[in-house]
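Here is a short briefing for a first look at this structure. Keep the sequence and the 3D view open as you read.

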Amino acid sequence: MCVCAISVAPLRCVIQNCCATLDIGSAGFGSRLCSPLLQTTTMNLLLFGAPGCGKGSMSGALERDFGLLHISAGDLMREEVEKETPVGRQVAVLMNEGHLIPDELIVSIVINRVQQPNVKGRGILLDGFPRTLRQAQALAKSGFRIDAVIFINVDPKVLEERCLQRRLDPVTGRIYNLKSDPPPESIMGRLLIRSDDTREKHQRRMRIYRKQKKAIMKHYEAVIIEVDGNPPLPEVYAMVRAKLASFLNAKTESKL
């Protein structure tokens, strides 16, 4: 196992004592190194931002490059729906109407997941949770620590356009964007529009998000890493990686 020391220049992350040097400004989105950037880290990250900001796309790349375990609140909810559990049936109704899931439901499901034996001790990447102050407080009370919050800040008009351009591949589960991440022509015919990807439901979710955002930002203000999410996603991810590496360097140096 190699030990990686990270140094940061603008949009460049150099991996020393490892077998690769990666220019994240030009590498493909989520390019994989010979080993994760922070192979032995147990840090916990939260991806935070409005619906359509790119959390799903960022999470896969961060999971690969930083060796984290991605836990998506949305995925956990959909698993409950697919299994047709009592919780899943409640979730299905709320999702179809474009509502967010009540705190008590999502808190119990996510905390149960992060406390499982095969998860404890690993670095976690939370996606879509916590969204509210009550959720954040419940998470802290459970003993789970958030080391850094990556806040992806996107203009509302860009968010709505991204939402309306999203398409789901029911075979692979992958979500494409017709404009920024177009699917192959060969699968266009099977793509679906998710039930919550309509203008009306997006605007409803945005109203809820705006009400919740201030309290969450205040709660985590000491560990927020803000990134401009308006450029194309590969450029946004390059900024995320550079800022996160810089944050971690500073945190490590403060402990020396």
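The points below cover a sheet, two of its strand pairs, a helix contact and one loop residue.

This is a predicted model. Five strands form an open sheet, and their pairing is parallel. Helices α2 and α3 cross at roughly 115°. Asp196 sits in a loop and is buried.

**The sheet**

- Strands of a sheet pair through backbone hydrogen bonds, either parallel or antiparallel.
- Here the order of the five strands is β4-β5-β3-β6-β9, with parallel pairing.
- Which strands stand at the edges? They are β4 and β9 (224-228).
- Each of these two has a single partner strand, so one side of each is left without a neighbour in the sheet.
- Neighbouring strands of this sheet are turned by 20° against each other on average, with direction ignored.

**Strand β4 and its partner**

- β4 covers residues 69-72, and β5 covers residues 124-127.
- The two strands pair in the parallel sense over four bridges.
- Ile71 of β4 has Leu126 in β5 as its bridge partner.
- In a regular strand the side chains alternate between the two faces of the sheet.
- In β4, Leu69 and Ile71 point one way, while His70 and Ser72 point the other way.
- Are these four residues buried or exposed? All are buried.

**Strands β3 and β6**

- β3 spans residues 44-49 and β6 spans residues 148-153.
- How many bridges join β3 and β6? Five bridges join them, in the parallel sense.
- Phe48 has Phe151 in β6 as its bridge partner.

**Helices α2 and α3**

- Two packed helices are described by the angle between their axes and the distance between the axes.
- For α2 (residues 73-83) and α3 (residues 86-96), the axes come within 7 Å and cross at roughly 115°.
- That makes α2 roughly perpendicular to α3.
- The crossing of α2 past α3 is left-handed.
- From α2, the contact involves Met77, Arg78, Glu80 and Val81.
- From α3, they meet Val87, Gly88, Val91, Ala92 and Met95.
- The residues of this contact divide into six nonpolar, one polar and two charged.

**Asp196**

- Asp196 lies in the loop between β8 (175-177) and α7 (199-219).
- Why does Asp196 count as buried? Its relative accessible area is 16%, and buried means under 20%.
- Leaving aside residues up to four places away in sequence, Asp196 touches Met95, Lys201, His202 and Arg205.
- One of these, Met95, also takes part in the contact of α3 with α2.

Notes: Residues numbered from 1 in each chain as written. Predicted model: local features only at pLDDT ≥ 70, side-chain atom pairs only at ≥ 80, totals over all residues. Heavy atoms only, no water. Axes fitted to C-alpha atoms, helices over the stretch in contact; angles between N-to-C directions. Parallel < 35°, antiparallel > 145°, perpendicular 65-115°, else oblique. Left-handed = near helix turned anticlockwise from the far one by under 90°. Contact = heavy atoms within 4.5 Å. Nonpolar A, V, L, I, M, F, W, Y, C, P; charged D, E, K, R; others polar. Buried < 20%, exposed > 50% of the residue type's maximum accessible area, 1.4 Å probe, protein only. Pairing = 2+ DSSP bridges.
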